[in-house]
Amino acid sequence: MLIEHVRVEPCRSKPSQLLPSANCVWGECVTMSKSLYIGNLPWSATEESLRELFRNEANVEVESVRVATDRETGRSRGFGFAEVADEHAEHAIERLSGVDFGGRALTVNEARPREERSRRY
């Protein structure tokens, strides 16, 4: 199962450029995005360094980035997530899987839904 998100934003297309198949309706565009899992991150990884990685290595702009951090130390837990436009997801996965980032080979794939965990009391 894929995680997909829908984002509505002001339409940048001119009314004369809109086609019946376009995702733009009444001045708003609906864009689909996918969540990508990025694993094997170095402890020094930051959200900004991941944005740069996507921009420089895959030539893809990310909508949002989140690096999972340890609650106590504040350092990276070694994985994170990035939201990218649906049409750029496969390209980003192909370009970034196995890339050396901070001395570690990255694992990049589509994120899976979080599994429900039993509550601890």
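1. Read from the N terminus onward, the elements of this protein follow the pattern β-β-β-α-β-β-α-β-β-β, which amounts to two helices and eight strands. The model is a predicted one, and the points below should be read with that in mind.

2. On the overall make-up, 32% of the 121 residues of the protein count as buried. The accessible surface comes to about 8800 Å², and carbon and sulfur atoms hold 47% of that area. Among the contacts with a separation of 6 or more, 60% are between residues that are 24 or more positions apart in the sequence.

3. Helix 1, made up of residues 47–58, has a length that can be checked by simple arithmetic. Twelve residues at 1.5 Å a residue should span 16 Å, and the C-alpha atoms at the ends of helix 1 are 16 Å apart, so the expected and the modelled spans agree.

4. Which residues of helix 1 are buried? They are Leu50, Leu53, Phe54 and Ala58. Viewed down the axis of helix 1, these buried residues fall within an arc of 95 degrees, and they therefore line one face of the helix. The spacing can be read against a general rule: an α-helix has 3.6 residues a turn, so residues three or four places apart point the same way.

5. Helix 1 also carries a salt bridge of its own, in which the side chains of Glu52 and Arg55 meet at 3.1 Å, N to O. Both residues lie in helix 1 and are three residues apart, about one turn of the helix. Glu52 counts as partly exposed because its relative accessibility is 32%, and Arg55 counts as partly exposed as well, with a value of 30%. Arg55 has a further partner in Glu61, with the closest N and O atoms of that salt bridge 3.2 Å apart. As background, side chains of opposite charge can pair when their charged atoms come close.

6. The structure holds four salt bridges, and one of them is formed by the side chains of Lys34 and Glu110, at 3.8 Å from N to O. This pair links distant parts of the chain, since Lys34 belongs to strand 3 (residues 28–39) and Glu110 to strand 8 (residues 107–110), 76 residues apart. Is Lys34 buried or exposed? With a relative accessible area of 11%, Lys34 is buried, the cut-off for that class being under 20%. Lys34 and Glu110 are also linked with Asp86 in a network of salt bridges.

7. Two asparagines deserve a look at their backbone angles. Asn40, in the loop between strand 3 and helix 1, has a positive phi of about 65 degrees although it is not a glycine. At 29% relative accessibility, Asn40 counts as partly exposed. Asn59 is likewise not a glycine and has a positive phi of about 55 degrees; this residue comes just after helix 1, in the loop between helix 1 and strand 4. Asn59 is exposed, with a relative accessible area of 68%.

8. Strand 4 (residues 62–69) and strand 5 (residues 76–85) run antiparallel and are joined by six bridges. Within this pairing, Thr69 stands opposite Ser76 in strand 5. The hairpin formed by strand 4 and strand 5 has six residues between the strands, and in it Gly74 takes a positive phi near 80 degrees. For anyone looking at side-chain directions here, the general rule is that in a regular strand the side chains alternate between the two faces of the sheet.

9. The last point concerns His91, which is found in helix 2 (residues 89–96). Which residues does His91 touch, not counting residues up to four places away in sequence? The answer is Ala58 and Val60, and Ala58 is also one of the buried residues of helix 1. His91 and Val60 are 31 residues apart in sequence, whereas their C-alpha atoms are 8.4 Å apart in space. His91 itself counts as partly exposed, at 32% relative accessibility.

How values were computed. Residues are numbered from 1 along each chain as its sequence is written. This is a predicted model: local features need pLDDT of at least 70, side-chain atom pairs count only at pLDDT 80 or more; totals for chains, interfaces and linings use all residues. Side-chain values use heavy atoms; hydrogens and water are left out. Helices (H or I, at least four residues) and strands (E, at least two) are DSSP runs, numbered from the N terminus. Buried means under 20% relative accessible area, exposed over 50%, partly exposed in between (1.4 Å probe, protein chains only). Contact means heavy atoms within 4.5 Å. Accessible areas come from the Shrake-Rupley method with a 1.4 Å probe; for residues, only the protein chains shown count as cover. The expected span of a helix is 1.5 Å times one less than its number of residues. The arc is that of the directions from the helix axis to the C-beta atoms. Two strands pair if DSSP finds at least two bridges between them.
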